[in-house]
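Me: I am new to this structure. Please take a close look at one part, the sheets, and describe how they are put together.

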Protein chains: 2
Amino acid sequence: MDDERHRGWLERAIALSGEGAGIGAGGPFGCVVVRDGVVVGEGYNRVLVDNDPTAHAEVVAIRRACAALGSNQLPGCVVYTSCEPCPMCLGAIYWARPAAVYYANTHQDAAAIGFDDALIYREIEREPADRSIPFVRLDVPSAGRPFADWAARSGGPRY
Amino acid sequence: MDDERHRGWLERAIALSGEGAGIGAGGPFGCVVVRDGVVVGEGYNRVLVDNDPTAHAEVVAIRRACAALGSNQLPGCVVYTSCEPCPMCLGAIYWARPAAVYYANTHQDAAAIGFDDALIYREIEREPADRSIPFVRLDVPSAGRPFADWAARSGGPRY
């Protein structure tokens with residue numbers, strides 16, 4: 001494994017993290033998606049400038065990489081992110097299915113400057129209705145129909 | 001608590017789930033964000049039509065609600081989603097901070113038609129380097145600088 005090559009891409013993600021924070025786009029987080037030694041998507045956190053709580057660096061870079069590749073999947077790609085992903089970005093990564101993820105700063109480093117991903121990781125463990133944001137299930141008779149239609153139509157998942 | 005009112009909004013989210021899947025936009029998932037009895041953002045899964053693995057119904061609806069309100073936060077809003085959120089969407093909800101979440105179908109219902117959120121929930125528990133998509137930390141000397149700059153500049157988090 002060529003760690004120096006991976007460090008080079010991480011340095012680019014880190015440079016993006018400083019660039020985005022420097023212009024007030026959002027927090028100091030950057031991400032680069034690489035395939036076969038070529039950048040296919042990159043970006044920095046844009047939560048503040050876009051008024052979009054989902055515009056974390058990883059989500060921005062994944063969306064751009066998928067747009068560039070014309071696919072909702074990233075097979076054979078590597079995600080380089082300046083900081084260990086939060087649960088939202090971890091989920092986005094699993095849905096996009098890259099080959100691997102490399103990161104530099106840890107979630108403890110992020111917590112030390114006020115970004116407490118650990119809260120969300122703890123909340124995942126709790127019963128839905130007991131969370132700090134309560135998740136309440138209600139029985140709705142119509143809910144099953146679109147699921148049954150999907151199963152009948154597609155014969156399985158398509159992504 | 002007026003469950004019938006909440007069920008009414010869930011029915012709208014469920015109708016959106018069928019609408020989106022029916023036109024091939026993505027899986028059968030819909031979401032509505034409501035504040036003071038008014039829809040401020042809604043949508044359905046657009047993963048297939050947008051080539052965007054992050055375009056789950058909750059992410060789409062949250063992004064639209066935040067754009068409409070000109071804010072990266074959703075205080076006082078309620079999220080109605082046709083299905084229990086996946087980890088990505090749970091994370092997005094925590095970053096947006098609505099007051100509550102209501103859902104109809106469970107993650108077990110989703111797994112039964114091929115959407116296995118449980119895999120991602122299990123992966124979260126594992127050591128980063130041992131995951132099915134390995135998360136590898138590398139020490140990069142430049143990584144700490146943007147974090148230190150952020151802490152010095154903002155004196156704390158701004159979102």
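Reply: Helices (H or I, at least four residues) and strands (E, at least two) are DSSP runs, numbered from the N terminus. This is a predicted model, in which local features need pLDDT of at least 70, side-chain atom pairs count only at pLDDT 80 or more, and totals for chains, interfaces and linings use all residues. Residues are numbered from 1 along each chain as written, chains are lettered from A and ligands numbered from 1 in the order written, and side-chain values use heavy atoms, without hydrogens and water.

Chain A contains seven helices and five strands. Along the sequence of chain A these follow the pattern α-β-β-α-α-β-α-β-α-α-β-α. The C-alpha trace of chain A spans about 55 × 35 × 30 Å along its principal axes.

Take the sheet that is built mainly on chain A. The order in this open sheet of five strands is S2(A)-S1(A)-S3(A)-S4(A)-S5(B), and the pairing is mixed. Two strands pair if DSSP finds at least two bridges between them. At the edges are strand S2 (38-44) of chain A and S5 of chain B, each of which pairs on one side only. On average, neighbouring strands of this sheet are turned by 20 degrees against each other, direction ignored.

Inside chain A, strand S1 (residues 30-35) and strand S3 (residues 77-83) run antiparallel and are joined by five bridges. Within that pair, Cys31(A) has Thr81(A) in S3(A) as its bridge partner. The sheet then passes from one chain to the other: strand S4 (residues 100-105) of chain A pairs with strand S5 (residues 135-137) of chain B in the parallel sense, over three bridges. Here Val101(A) stands opposite Phe135(B) in S5(B).

A helix also belongs to the picture. H1(A) lies across S1, S2, S3 and S4 of chain A, and its direction is at about 145 degrees to S1(A). Axes are lines fitted to C-alpha atoms, for helices over the stretch in contact (heavy atoms within 4.5 Å), and angles run from 0 to 180 degrees between N-to-C directions.

Now the sheet built mainly on chain B. Five strands make up this open sheet, in the order S5(A)-S4(B)-S3(B)-S1(B)-S2(B), with mixed pairing. Strand S5 (135-137) of chain A and strand S2 (38-44) of chain B are at the edges with a single partner strand each, so each has one side without a neighbour in the sheet. From one strand to the next, the twist averages 20 degrees.

In chain B, five bridges hold strand S3 (residues 77-83) and strand S4 (residues 100-105) in a parallel pair. Cys83(B) has Asn105(B) in S4(B) as its bridge partner. Helix H1 (residues 3-22) of chain B lies across strand S1 (30-35), S2, S3 and S4 of that chain, at about 145 degrees to S1(B). Helix H3 (residues 57-69) of chain B lies across S1, S2 and S3 of chain B and runs at about 145 degrees to S2(B).

The strands that cross over are one part of the contact between the chains. Chain A brings 86 residues to this contact and chain B brings 86 residues. Two salt bridges are counted between chain A and chain B (a side-chain nitrogen of Lys or Arg within 4 Å of a carboxyl oxygen of Asp or Glu). One salt bridge joins the side chains of Asp52(A) and Arg63(B), at 2.7 Å from N to O. On the side of chain A that touches chain B, helix H1 (residues 3-22) of chain A gives the most, with 10 residues.
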